[in-house]
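Grab a pencil and work through two short exercises on how strands line up into sheets. Each one comes with a solution you can check step by step.

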Amino acid sequence: MKKIKELLKKCEILHYLVVAIKGYRKEEIRDYLLKTKKHQYLCLHNWDNYGAKPLYYIKVGTRARGFFAMLLETLDALVFADMLGLESVIEYSNECMYASKGDGMDPRRVFDYYYRQPFIGKIESLSEQKYINYDPMHREYAYSGLSNPDVCNTYVFNDEDNNIYIQRVSEMYKKHIRFNNRTKEYLDKNINKMLASKKTLGVHVRGGEWRIPVKGHPMPVSLDEHIEHVKEVFNKYQFEQIFLASDEKDAIERFKKEFGSKVVYYEDTFRGEAGHWILSEHSSRENHNYLLGLEVLRDAETMVHCQGLIAGLSNVSFYVQMKKKVLNEEFEYASITSKGVNQKGRIARKVAIEELSR
């Protein structure tokens with residue numbers, strides 16, 4: 001028996017198979033391994049092991065995740081926590097690209113740079129309380145009633161699933177997400193100055209790494225396509241100006257050439273060169289990583305307050321639509337161009353590693 005145990009320690013796959021076979025008679029283990037039914041839900045609903053309801057610890061973020069990818073994953077986790085009636089604490093990993101060390105910023109509290117915690121005081125007591133760790137599989141369970149329960153891990157094309165998904169994350173956002181005072185004051189000041197009460201068409205042009213074919217990412221919409229689209233609707237809907245949100249310098253120059261003074265944009269936003277990942281571009285400015293997050297949030301929130309929207313598929317455009325719903329408002333004109341998803345190409349994580357090593 002001792003030799004068998006030593007063998008299992010050396011061979012991970014054999015150890016896994018033994019655990020799976022031994023646990024087959026236990027429904028929660030069987031369902032967990034097969035990703036079916038209520039695997040995590042059954043385990044987590046038994047609070048006897050905790051003495052009381054534990055906290056739900058949501059920790060997300062890697063060096064390859066964008067700002068709104070992290071926020072949407074957080075909202076998915078909050079859907080799951082809400083189903084269990086758990087209070088949550090949220091942490092963006094200090095490995096994420098927005099972690100900063102200057103100006104009194106704690107790289108372990110990146111979420112708090114921009115937002116308030118949903119439950120005040122809970123993150124400070126995390127070390128003293130029992131808690132359950134967020135698991136990506138919880139996202140799938142949260143949407144298990146949909147025809148595509150993996151809806152949160154893909155770009156949605158099914159209208160019914162899309163509407164249900166937007167409804168659920170909108171509810172979570174409205175219930176739990178609040179800007180902190182610093183972020184709110186910054187956004188209010190910038191948006192009011194930029195839009196100046198003019199009827200505005202918001203346009204999101206995704207550049208940077210989306211010119212690199214990445215498997216599972218939406219196919220990019222070209223600058224020419226965006227420009228033609230704007231020409232078709234600008235006068236028809238009597239827009240007064242175009243707010244351009246883009247992380248690419250070329251997009252700004254092309255739109256200025258085509259539309260002149262009708263184009264407005266944030267001149268102090270950090271932008272990269274065509275074909276490169278914006279998060280890998282180097283800058284000597286203070287708190288650069290924090291500002292990258294603040295600037296994409298400012299772009300998105302400005303588009304939320306526009307009367308029209310033109311964009312391609314992305315986490316940014318999804319957020320803009322969702323936030324508009326949170327405000328109980330509708331765009332007078334909105335068009336999200338879908339050209340499908342790359343079925344081939346490189347893996348996003350590998351692209352990110354290469355870009356960061358440039």
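Before you start, one term: two strands pair if DSSP finds at least two bridges between them. Keep in mind that this is a predicted model.

**Exercise 1.** Work out the order of the three-stranded open sheet, and find which strands stand at the edges.

*Solution.*
1. Begin with strand 1 (residues 55-60) and strand 2: five bridges join them, and they run parallel.
2. For one residue-level match, take I58, whose bridge partner in strand 2 is I90.
3. Now bring in the third strand: the order reads 2-1-4, with parallel pairing.
4. Strand 2 (88-92) and strand 4 (131-133) each have a single partner strand, so they stand at the edges and one side of each has no neighbour in the sheet.
5. From one strand to the next, the twist averages 25°.
6. Finally, add a helix: helix 5 (residues 67-84) lies across strand 1 and strand 2, at about 160° to strand 1.

**Exercise 2.** Do the same for the open sheet of five strands, then say which strands helix 12 touches.

*Solution.*
1. Lay the strands out in the order 8-7-6-9-10; here, too, the pairing is parallel.
2. Strand 8 (263-264) and strand 10 (333-337) are at the edges because each has a single partner strand, leaving one side of each without a neighbour in the sheet.
3. Further in, six bridges pair strand 6 (residues 200-205) with strand 7 (residues 241-246) in the parallel sense.
4. Within that pair, V205 sits opposite S246 of strand 7.
5. Helix 12 (residues 288-304) packs on this sheet and touches strand 6, strand 7 and strand 9 (308-312). The direction of helix 12 makes about 150° with that of strand 7.

How values were computed. Residues are numbered from 1 along each chain as its sequence is written. This is a predicted model: local features need pLDDT of at least 70, side-chain atom pairs count only at pLDDT 80 or more; totals for chains, interfaces and linings use all residues. Side-chain values use heavy atoms; hydrogens and water are left out. Helices (H or I, at least four residues) and strands (E, at least two) are DSSP runs, numbered from the N terminus. Axes are lines fitted to C-alpha atoms, for helices over the stretch in contact, and angles run from 0 to 180 degrees between N-to-C directions. Contact means heavy atoms within 4.5 Å.
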